There are 2 protein chains.
Amino acid sequence: MNKFIAPVALEKAYRLLNHGPTVLVSARHAGVDNVMAAAWACALDFSPAKLMVVLDKTTQTRALIEQSGAFVIQVPTVAQLQLTYDVGNLSLRTDPDKLAKSGVELFRFDGHDLPFVAGCSAWLACRLIPEPHNQQTHDLLIGDVIGAWSDTRVFKDGHWHFDHADPSLRSLHYIAGGQFYAIGESLKAK
Amino acid sequence: MNKFIAPVALEKAYRLLNHGPTVLVSARHAGVDNVMAAAWACALDFSPAKLMVVLDKTTQTRALIEQSGAFVIQVPTVAQLQLTYDVGNLSLRTDPDKLAKSGVELFRFDGHDLPFVAGCSAWLACRLIPEPHNQQTHDLLIGDVIGAWSDTRVFKDGHWHFDHADPSLRSLHYIAGGQFYAIGESLKAK
């Protein structure tokens with residue numbers, strides 16, 4: 001774990017996702033770890049902090065979440081562009097080496113037996129709130145955020161600092177066909 | 001309506017939201033129009049196209065949606081920074097001139113009796129899918145996308161063209177306290 005990582009207060013955790021980044025979703029069950037990318041994720045409540053993510057029924061990561069009841073949402077960086085695309089396109093079902101091939105390195109935070117992806121800018125540990133209708137009808141998974149952390153080089157004191165951080169730490173915003181946008185300049189309304 | 005606006009195929013409509021912009025939500029009921037900002041919105045399905053947005057029970061716009069069964073999600077631009085902040089902070093309940101004060105100009109698309117906000121880069125007309133549990137428990141509203149349009153100067157042929165369009169047409173990504181980020185540079189994974 002790099003020395004720049006620090007906890008984020010749970011009531012500020014929504015700010016890690018508020019600007020709509022594409023995220024990495026990871027989960028662990030019965031000795032199996034997996035990581036996928038998801039563009040359809042957002043905050044759902046401030047306090048207690050909740051979030052939601054859309055995950056297709058065919059994904060292995062979703063199966064691990066529904067079996068274990070837990071997952072991690074993390075914010076990948078521009079430096080992880082190819083990793084983010086690869087974990088979104090390779091499948092653990094057909095490619096058992098998916099994580100190694102994609103360059104994923106996992107680490108853990110004390111007290112959380114979950115696979116956190118190294119090199120991201122923010123991490124949200126979540127407990128699945130079982131909602132059969134949302135899961136079956138909409139492929140929508142809702143979680144309570146039970147832990148949050150950031151790389152303080154880019155998110156500190158409750159705010160992103162993309163303007164002053166290294167550009168490789170900017171968030172990714174996926175469109176389609178391998179094309180992403182990095183987050184851009186800061187703007188302030190009066 | 002400006003001459004650059006053209007329809008977007010419904011199966012490509014998710015791409016209007018895929019990069020996680022802050023959106024404007026508008027609705028009309030019984031002669032009342034309102035517009036608010038929302039950062040917690042994302043696509044929910046490709047085809048038939050669906051989306052979801054989190055709207056607090058105290059908002060007038062949500063009441064109009066639940067009464068009329070319809071709403072518009074639109075993508076505001078950097079040129080609309082102050083408008084976006086103002087419609088997110090003024091309330092029609094206490095400020096009947098909210099829309100005029102915020103500089104909102106409304107227009108319509110043929111066949112849709114809904115208030116579309118002029119100057120945005122994309123518009124998604126939606127029919128509310130009534131889901132009492134999601135609305136009451138999570139403040140989550142789900143809609144079928146029944147019409148989509150873009151300003152072709154910045155979204156054309158199923159893709160955003162932020163790199164080549166005027167920077168004033170970039171999308172806004174809200175954090176907190178009046179601070180937004182504009183979307184940034186295009187990146188392509190292999």
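Which residue of β14(B) stands opposite A:Ser186? The partner of A:Ser186 is B:Tyr181, and this pairing is a good place to begin reading the predicted model, in which local features need pLDDT of at least 70, side-chain atom pairs count only at pLDDT 80 or more, and totals for chains, interfaces and linings use all residues. Residues are numbered from 1 along each chain as its sequence is written, chains are lettered from A and ligands numbered from 1 in the order in which they are written, and side-chain values use heavy atoms, with hydrogens and water left out.

The two β14 strands, β14(A) and residues 179–188 of chain B, run antiparallel and are joined by seven bridges; strands are DSSP runs (E, at least two residues) and helices are runs of H or I with at least four, numbered from the N terminus, and two strands pair if DSSP finds at least two bridges between them.

Around this pairing lies the wider interface, to which chain A and chain B each bring 49 residues, contact meaning heavy atoms within 4.5 Å. About 4400 Å² is buried between the chains, with 60% of that area coming from carbon and sulfur atoms; buried area is the accessible area (1.4 Å probe) that two parts lose on being put together, summed over both. On the side of chain A, the residues that lose the most area to chain B are A:Trp40, A:Tyr181 and A:Leu187, together 18% of what that side buries.

As for polar pairing, the rule finds 29 residue pairs in polar contact across the interface, both residues at pLDDT 80 or more; such a contact is a pair of N or O atoms within 3.5 Å, where within protein one must be able to donate a hydrogen and the other to accept it, and residues adjacent in sequence count only if both atoms are side-chain atoms. The elements giving two or more residues to the side of chain A that touches chain B include α2 (81–89), α4 (132–138) and β10 (140–151), while β14(A) gives the most, with 10 residues.

A rotation of 180° with 0.0 Å of shift along its axis superposes chain A on chain B, with an RMSD of 0.0 Å, which is the relation of a two-fold axis; the fit is by least squares on the C-alpha atoms of residues with pLDDT of at least 70 in both copies. The same surface serves both copies, since 100% of the contact residues of chain A recur in chain B.

Finally, the backbone deserves a look. Most peptide bonds are trans, but the bond from A:Ser47 to A:Pro48 is cis, with omega near 0°, and A:Pro48 is found in the loop between β4 and β5 of chain A.
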